[in-house]
Amino acid sequence: MTNPFEYFLSYKVLKWQTPEISIDTKDICQQWQMDLVYFDFIAFTGNGGFFFDGALQLYDLGDTKNCNNILLVNTKLVEAFGEIFSGLFSFGQDIFGNQFVFDQLNNQISVFNIEDGSRTPVAKSFAEWLVEFTADLDYFSGWSYQKQYTEKYELPIENRIVPIKPFVIQGAFTIDNFFDTAFPEYIIYNADIAKQIFHLEEGKPVKLILGSRKQ
């Protein structure tokens, strides 16, 4: 395969303009478990952005406060999830808003599921994450669902897909169960679900109370 840096760059969505890397923002990020390969990658790809038609979003290290700013996104995640997001720092997300995170406590990169608050280990380093991600691109990005959705609906690049019936209660991975919404609504909406089930014992029945959603 092509060099992973070049591979990702070849699939970058150029219509989204990322700002210059902010030294102050980079200094804050370096306090987390973020290895040098990550910072090299961000610089090489033009400070993150959207990739694979927007299915993958990698946050930028700029100082523009929008849906792609790494510090703003992490602030919203902490505000929404509280202790469930403890010890984590997100650097990107898939089409459904699941977060790719540096897990400081376990010294690894995981996927943070925004519906149930679970953490699934993926890699021990960012270089390993690049390999794992590209080896199973559709699984980690949800690119095929993004393609199916945009065949029928317009999907603003900054929006994420949300299930009408949550996946955690056997909602289907089908277009008729999807809608899309903007940052930070999908974070707030899913955090409300996660906080209702996160501390429950496995197999225990639960009646979810779903908040309002913006479509």
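A salt bridge is counted here where a side-chain nitrogen of Lys or Arg lies within 4 Å of a carboxyl oxygen of Asp or Glu. The structure described below is a predicted model, and a search of the whole of it finds 2 salt bridges.

**Salt bridges**

In one of these bridges the side chains of D103 and R119 meet, with a distance of 3.9 Å from N to O. Because D103 belongs to strand β4 and R119 to strand β6, this pair ties together parts that are 16 residues apart in sequence. D103 has a relative accessibility of 1%, so this residue counts as buried, whereas R119, with a relative accessible area of 30%, is partly exposed.

Another salt bridge joins the side chains of K76 and E79, again with 3.9 Å from N to O. Both K76 and E79 lie in helix α4, which spans residues 70-81, and they are 3 residues apart, about one turn of the helix. K76 counts as partly exposed because its relative accessibility is 28%, and E79 is exposed because its relative accessible area is 56%. As background, side chains of opposite charge can pair when their charged atoms come close.

**Strand β3 and its partners**

D103 also offers a way into the strands, since L88 stands opposite D103 in β4. Strand β3, made up of residues 88-93, is mostly covered, with 6 of its 6 residues buried. With strand β4 (residues 99-103), β3 pairs in the antiparallel sense over 5 bridges. These two strands form a hairpin with 5 residues between them, and in this hairpin G97 takes a positive phi near 90°. Strand β3 is also joined to strand β2 (residues 56-58), by 2 bridges and in an antiparallel arrangement, and there the bridge partner of L58 is G92 in β3.

**An aromatic pair across the chain**

How many aromatic pairs does the structure hold? The total is 44 aromatic pairs. One of them is formed by F91 and F126, which meet edge-to-face at 5.5 Å from centre to centre, with 70° between the planes. This pair links distant parts of the chain, as F91 sits in strand β3 and F126 in helix α5 (residues 126-135), 35 residues apart. F91 has a relative accessible area of 1% and is therefore buried, and F126, also with a relative accessible area of 1%, is therefore buried; the cut-off that this reasoning uses is a relative accessible area under 20%.

**The largest pocket**

The largest pocket has a volume of about 530 Å³. It is lined by 26 residues, of which D94, N98, V111, N113 and Y139 are the closest to its centre. The elements that give two or more residues to this lining are β6 (119-123), α6 (137-141) and β7 (160-163). Helix α6 supplies the largest share of the lining, 4 residues. Sorted by character, the residues of the lining divide into 15 nonpolar, 7 polar and 4 charged.

**Backbone features in the loops**

Most residues other than glycine have a negative phi, and most peptide bonds are trans. Against that background, some loop residues of this model deserve a separate look. N107, in the loop between β4 and β5 (108-112), has a positive phi near 55° although this residue is not a glycine. In the loop between β7 and β8, Q170 likewise has a positive phi, of about 65°, without being a glycine. The table sets out phi and relative accessibility for these two residues.

| Residue | Phi | Relative accessibility |
|---|---|---|
| N107 | near 55° | 41%, partly exposed |
| Q170 | about 65° | 65%, exposed |

Which form does the peptide bond from F183 to P184 take? This bond is cis, with omega near 0°, and P184 lies in the loop between β8 (178-181) and α8 (185-197).

**Taken together**

Read along strand β3, the parts of this description connect: β3 pairs with β4 and is joined to β2, while F91 in β3 is linked with F126 in helix α5. Strand β4 in turn holds D103, whose partner R119 lies in strand β6, and β6 is among the elements that give two or more residues to the lining of the largest pocket.

Conventions: Residues are numbered from 1 along each chain as its sequence is written. This is a predicted model: local features need pLDDT of at least 70, side-chain atom pairs count only at pLDDT 80 or more; totals for chains, interfaces and linings use all residues. Side-chain values use heavy atoms; hydrogens and water are left out. Buried means under 20% relative accessible area, exposed over 50%, partly exposed in between (1.4 Å probe, protein chains only). Two strands pair if DSSP finds at least two bridges between them. On a 1 Å grid over the protein atoms alone, a cavity is a set of points where a 1.4 Å probe fits but cannot get out, and a pocket is an open set with protein on both sides within 12 Å along at least five of seven lines; lining residues have an atom within 4 Å of a point. Grid points are joined across faces, edges and corners, and a volume is the space filled by probe spheres set on the points. Ala, Val, Leu, Ile, Met, Phe, Trp, Tyr, Cys and Pro count as nonpolar, Asp, Glu, Lys and Arg as charged, and the others, Gly among them, as polar. Rings of Phe, Tyr and Trp (its six-membered ring) pair if their centres lie within 6.5 Å; planes under 30 degrees apart count as stacked, over 60 as edge-to-face and the rest as tilted.
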